[in-house]
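Student: I should like to learn how the terms used for a structure are justified. May we go through them one at a time?

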Amino acid sequence: MKSDRPFTLVDAAKLGLYGGISAILISLVGMTAAFAKTAIIADLLTMAQVLIYGLAFMVGFVVVGRAARGSRGLALPAGALASAVTMLSLSLLALLIGAVNLRTIFTNATAELANLILPGETSGLAGALLLTGAGAAVGLVAWLLTFVPTRIRNGLFGGIAAVVLFGLMQDVLVPILPKSVDDFLFESKGLTWVGAVVVFVLFFILSYLYAMRSQVRISRLDKLPPQQRQIARFAFTLVALIILTLLPRILGPFLSEVANQVGFYIIMALGLNVVVGFAGMLDLGYVAFYAIGAYTMAVLTTPELPIMREILPQLTFWEALPFAVGAALLAGILLGIPVLKTRGDYLAIITLGFGEIIRLLVLSDALKPFLGGAQGITGVGRPKIDDFTATNPQQFYYLILVAIVVAWFITSRLKSSRLGRSWMAIREDEDVAAAMSINLVGYKLLAFATGATLAGLSGALFASKLGSMVPASFNVLVSINVLAVLIVGGMGSLPGAVVGAIVLIGLPELLREFNEFRWWVYGAVLVFMMLNKPEGLWPEATRVRELHEAEAEHTHVDDDASPTAPATA
Amino acid sequence: MTLLIARNIKKRFGGLQALTTLDVTVEPKSIHSVIGPNGAGKTTFFNCLTGFYKPEEGEILFEGRAIQGMPPDRVASRGISRTYQNIRLFSNVTVLENVLVGMHRHLHTGWFGAVIRPPTVRREEVAANDEAMRILKFVDLDKKADFVAKNLPYGEQRRLEIARALASKPTLILLDEPTAGMNPKETEDTTDLIRRLRDDLGITVLLIEHDMKVVMNISDLITVLDFGKKIAEGDSLAIRSDTHVIEAYLGRGAATGDSYGAKTPAKTEA
């Protein structure tokens, strides 16, 4: 993969230049200027500084690591050079803005930006030199960190990440935390510096302990006799359920709303996981089933749409729910039968088309009396038990939680059954699976229908929670998002689906600062994941083996292994 | 009663006539080898038997019933299983899971059974696990049940493929070059294993093999193919001295030469 050519200072400069280009890009899209207004630590540190210096640090850290593999003496100069080059490139941008008017092309290349990069009193070449020097210093820090034991280093990173997150999520955290803690930690904008130190130390200790414990605990749990292990697992589940039950009280209305949003995606991700993760069929039109569930719920429960009301009686939420789920299931089967004989890319394109057809159908004027057209449908039924009607996010949370538990239960049971094994076989080698007497179309249909059903469930809850809905909520981006959730979380892994949804759907809602640059960050995260952790955040063992062939082969090595089958005939 | 009758099989790929009027009859509980030079149509014949290819003409009767043109999964559920010339295991899962997939045909858990998991399903899974371990013991892989399939050495991967094929309790097993690429010791073990399939389990074996020592050793009957046609059939003695066979392997003229009269047409390809 990588060449054996020794790492030189030229390589270091090159990587530094990449960092510089990234920094310039970040600045030109307006991130630097926007984040300069976001204080992490009041009057001391802004998000813009974190971003730029963090980038320079990362470049330095990577370069030091690579250079040290060749010769130890090269590490320091290489790291310092790389970070310095990154900063130098950025200061050149500032100087350029001063000399030439770039605003006709880059609207964000303002004097304000130049001033941010090279503050007023040290403008010009002197400022550029100063910033480059600062870059070299960052490289030095990166070099020093390589001498720190891994565990402490992870603790440092954890502490810094926590401080940044606390600073970014000030608006979210303040309403949740008690007032005394708020006053201690936060100023009107940003953390107090005492608060920052406390958060840093706290999370330094936490991540240090976590790194230590996580090795011990897993091995200890494995050593337990099966019965006790089961008890341990049961206790863990119980504690998790109690916390989940109390969560909306702790979170408050805004965060509960975010949790619900994440919940819809968790249900969908668990469903799509059966299709893509278990059976290996790429479905790009998954949103169709979500829409079918949502629209069935809406059409059956709304008092509007007089034509529909003439044909069908108005149902309550609970009466409509089985129909909504059933409609999605039926659609899954109907689409599945003709489509599932195709493989791979063809399947992806057909499903993509199906998703668009459903979206255009609900949008169409011809069907407006039945489906509401572009205005959508309002007055969707809410779940009602006796006199109690769930209306706010905190009440809906429980319904979604139950749906997630059901989806989790179903998919985890399926995974470890004869069906799960058959899907695995189909995913790994269709021809061989068929030769094992597995009916390909039948089993693919089962996977497809299971996925569609869960999407329908999610859609029905979504429609009811929102109370009204428009076709715009069901564009192809939803399908892509669910797929991205699975990829980031870990294809085929159930916990992965949950983690992926929290990271990709929940975090962006919390980090409102990033809202404007959401897709930028999204794309960057996906590229980073694919390059560095293609198996996902919480991967499934099988995938790790698949993607890390080289490492896996060393686990059980036998002497007489001849790795490749000689081709005969 | 005859187990398998293939009558007048024709299969064409574009301009290439891969099989022309092939007739093969397999007797139950025998080891029947199919040999022939490269491109003779041996694997094509296997693919026609297992439903991967549809022959243009001809008839395949398995236990008296026609199976030509059936999809692979239906053929497999009749009791024909196979291995592949280039090993095709489910390489990222464990040895045990590979065998469990092979047992698909004899398990009955459906969607609701899998989700609700009533006692019948639990019992079925336990029984399947025991059975899988028994099969692994038969091929001497029981100690490696938890290994990831792709981490097994080559010879053991071949044995695992046979174990997976056995898991469906087949009446007829098709082995496509089971000793290809093996060292002499592994070849000997595999030869033993194939013999035990017939003697201990009573399974009929249809075998494609290039190693003539193996073929001559264990075959009850040998069919020789060349250019998609049967050119000879008989036991090892008859095949050894058949002029058509020697001609097909060594070229015209060799059959009349003195030096090859008694020798076997030994391993022509390696």
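Tutor: The following exchange sets values against definitions. This is a predicted model, in which local features need pLDDT of at least 70, side-chain atom pairs count only at pLDDT 80 or more, and totals for chains, interfaces and linings use all residues. Residues are numbered from 1 along each chain as its sequence is written, and chains are lettered from A and ligands numbered from 1 in the order in which they are written.

Student: Why are helix 3 of chain A and helix 6 of chain A called oblique to each other?

Tutor: Helices are DSSP runs of H or I with at least four residues, strands are runs of E with at least two, and both are numbered from the N terminus. The axes of helix 3 (residues 47-70) and helix 6 (residues 124-145) of chain A come within 8 Å and cross at roughly 50°. Axes are lines fitted to C-alpha atoms, for helices over the stretch in contact, and angles run from 0 to 180 degrees between N-to-C directions. Angles under 35 degrees count as roughly parallel, over 145 as roughly antiparallel, 65 to 115 as roughly perpendicular and the rest as oblique. Helix 3 and helix 6 of chain A are therefore oblique.

Student: Which classes of residue make up the contact of helix 3 of chain A with helix 6 of chain A?

Tutor: Contact requires C-beta atoms, placed from the backbone, within 7 Å. Among the residues that meet are A:Tyr53 and A:Phe57 in helix 3 of chain A, and A:Gly135 and A:Trp143 in helix 6 of chain A. This contact has ten nonpolar, three polar and no charged residues. Ala, Val, Leu, Ile, Met, Phe, Trp, Tyr, Cys and Pro count as nonpolar, Asp, Glu, Lys and Arg as charged, and the others, including Gly, as polar.

Student: What makes strand 7 of chain B mostly covered?

Tutor: Five of the five residues in strand 7 (residues 172-176) of chain B are buried, that is, 20 or more other C-beta atoms lie within 10 Å of their own (12 or fewer would be exposed, in between partly exposed, with C-beta atoms placed from the backbone). B:Leu172, B:Leu174 and B:Asp176 lie on one side, and B:Ile173 and B:Leu175 on the other.

Student: How do you know that strand 7 of chain B and strand 8 of chain B pair?

Tutor: Pairing requires at least two DSSP bridges. Strand 7 and strand 8 (residues 204-208) of chain B have five, in the parallel sense, and B:Asp176 stands opposite B:Ile208. Strand 6 of chain B also pairs with strand 7 of chain B in the parallel sense, over three bridges.

Note on methods. Contact = placed C-beta atoms within 7 Å.
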